[in-house]
Amino acid sequence: MKTKWIGLMSVFCLLLGQWSWSEEAPPIEQWKDKTVLVFTPHPDDETLQCAGILSMLTSNGNKVIVGIYTNDDKGSLDLEMTSERLARIRRVEEEAACAELGIPKENLVWFGYGDGNLEYADPQRLRGEAARLIKKYRPDAIFTVDPGSDYERWHKTDHRMAAFITKDAFIAAEWHLYYPQQLLDEGLKPYRIPMAYYYYTDKPNCIVDITKIIDKKVKAVAKHVSQFPPSVDKYTPEMSPEAYNQIKVDVEKEAKDGERFVERFRREVAP
Ligand SMILES: [Zn+2]
């Protein structure tokens with residue numbers, strides 16, 4: 001009887017376009033007509049870690065929004081490069097990488113913080129900006145950097161801050177008195193996030209098979225031309241066949257899991 005009732009409830013929830021977050025929820029590879037919000041410290045982390053699943057989600061008719069904390073304006077060894085020019089280059093590259101994954105540039109939200117400076121931004125303001133995005137798009141799931149135990153000690157400053165501030169924004173989005181003006185002035189109602197997928201994790205509990213789309217992931221990563229030699233040393237918009245092949249080797253090595261290619265996440269379901 002109980003099983004039957006749960007089954008009926010699941011059908012009801014699916015008819016409403018939602019589901020109860022239990023074992024009844026379909027795996028993310030089967031999602032349709034859902035909204036996923038991705039937070040990334042730099043314009044490339046989400047490509048490196050989530051390109052396969054994001055491509056799968058857009059192919060299945062889901063909406064993907066990407067919130068990008070920094071403009072990545074420091075990562076060049078080219079002594080002729082300026083921060084302003086690099087930020088422009090990185091933006092075009094991110095738009096191209098996302099387009100490869102079926103995410104239009106209108107779905108990219110640039111927070112505009114300087115590379116390496118996220119930890120020195122006003123955290124109250126930053127958390128409010130992240131909460132605003134959550135309340136605006138009301139996603140079925142969020143992808144963000146894992147704020148797990150070892151991570152904050154060892155990882156790069158922007159990654160640490162992105163991990164913590166996004167997690168803190170979950171709570172701020174849920175309770176309207178955190179940023180009351182967002183409701184009063186902008187009509188943004190509070191929202192509770194049902195599910196999170198953490199990337200850059202050392203405790204994965206969700207493995208997504210991306211074998212069929214590994215080539216698409218390689219292509220998307222390769223759009224970040226200025227991040228790789230020789231362009232990172234002396235900027236050129238061209239990617240040589242040798243550089244492309246090296247990216248392919250590195251992406252496949254990272255994704256290799258026996259006979260298949262995968263992406264790894266720590267999945268957390270709201271209680
Ligand atoms: Zn990064």
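**Notes on the predicted model**

1. Let's begin with a loop residue: Lys105 sits in the loop between H3 and E3. Please keep in mind throughout that this is a predicted model. Lys105 is partly exposed, because 13 other C-beta atoms lie within 10 Å, and a residue needs 20 or more to be buried. Leaving aside residues up to four places away in sequence, Lys105 touches Glu95 and Cys98. Val66 is 39 residues from Lys105 in sequence, yet the two C-alpha atoms are 9.3 Å apart in space.

2. On confidence, the mean pLDDT of the protein chain is 91, with 89% of its residues at 70 or more. Residues 1–20 have pLDDT below 50, and this stretch has twelve contacts in the model beyond near neighbours in sequence. I would read those contacts with that pLDDT in view.

3. For the overall picture, the protein chain has nine helices and eight strands. Of its 271 residues, 39% are buried. Taking contacts between residues at least 6 apart in sequence, 78% join residues at least 24 apart.

4. Helix H4 (residues 123–137) deserves a look of its own. Its 15 residues should span 21 Å at 1.5 Å a residue, and the end C-alpha atoms are 21 Å apart, so the expected and modelled spans agree. Which residues of H4 are buried? They are Leu126, Arg127, Ala130, Ala131, Leu133, Ile134 and Lys135; Arg127 and Lys135 are thus on the buried list alongside Leu126 and Ile134. The partners that the buried residues of H4 pack against are strands E1 (35–40), E2 (63–70) and E3 (108–113), together with H6 and helix H7 (180–184).

5. The pairing of H4 with H6 (residues 157–174) can be described in a little more detail. Their axes come within 8 Å and cross at roughly 65 degrees, and the crossing is right-handed. On the H4 side, the meeting residues are Pro123, Leu126, Arg127, Gly128, Ala130, Ala131, Ile134 and Lys135. On the H6 side, they are Ile165, Thr166, Asp168, Ala169, Ala172 and Ala173. By type, this contact is made up of nine nonpolar, two polar and three charged residues.

6. Just after H4 comes Arg138, in the loop between H4 and strand E4 (141–145). Its phi is near 50 degrees, a positive value in a residue other than glycine. Arg138 counts as partly exposed because it has 15 C-beta neighbours inside 10 Å.

7. Tyr200 also has a phi near 50 degrees, again positive in a residue other than glycine. Tyr200 belongs to the loop between strand E5 (195–199) and strand E6 (206–209). Is Tyr200 buried or exposed? With 22 C-beta neighbours inside 10 Å, Tyr200 counts as buried.

8. Helix H8 (residues 214–222) is mostly covered, with seven of its nine residues buried. Those residues are Ile214, Lys217, Val218, Lys219, Ala220, Val221 and Ala222; the list includes two lysines, Lys217 and Lys219. The cover over the buried residues of H8 includes helices H2 (45–59), H3 (83–100) and H9 (241–255), as well as strand E8 (260–269).

9. One last backbone detail: where is Pro230 found? Pro230 lies in the loop between H8 and H9. The peptide bond from Pro229 to Pro230 is cis, and its omega is near 0 degrees.

Methods
Residues are numbered from 1 along each chain as its sequence is written. This is a predicted model: local features need pLDDT of at least 70, side-chain atom pairs count only at pLDDT 80 or more; totals for chains, interfaces and linings use all residues. Axes are lines fitted to C-alpha atoms, for helices over the stretch in contact, and angles run from 0 to 180 degrees between N-to-C directions. Helices (H or I, at least four residues) and strands (E, at least two) are DSSP runs, numbered from the N terminus. A crossing is left-handed if the near helix is turned anticlockwise from the far one by less than a right angle, and right-handed if clockwise. Two residues are in contact if their C-beta atoms, placed from the backbone, lie within 7 Å. Ala, Val, Leu, Ile, Met, Phe, Trp, Tyr, Cys and Pro count as nonpolar, Asp, Glu, Lys and Arg as charged, and the others, Gly among them, as polar. pLDDT is the predictor's confidence in each residue, from 0 to 100. The expected span of a helix is 1.5 Å times one less than its number of residues. A residue is buried if 20 or more other C-beta atoms lie within 10 Å of its own, exposed if 12 or fewer, and partly exposed in between; C-beta atoms are placed from the backbone.
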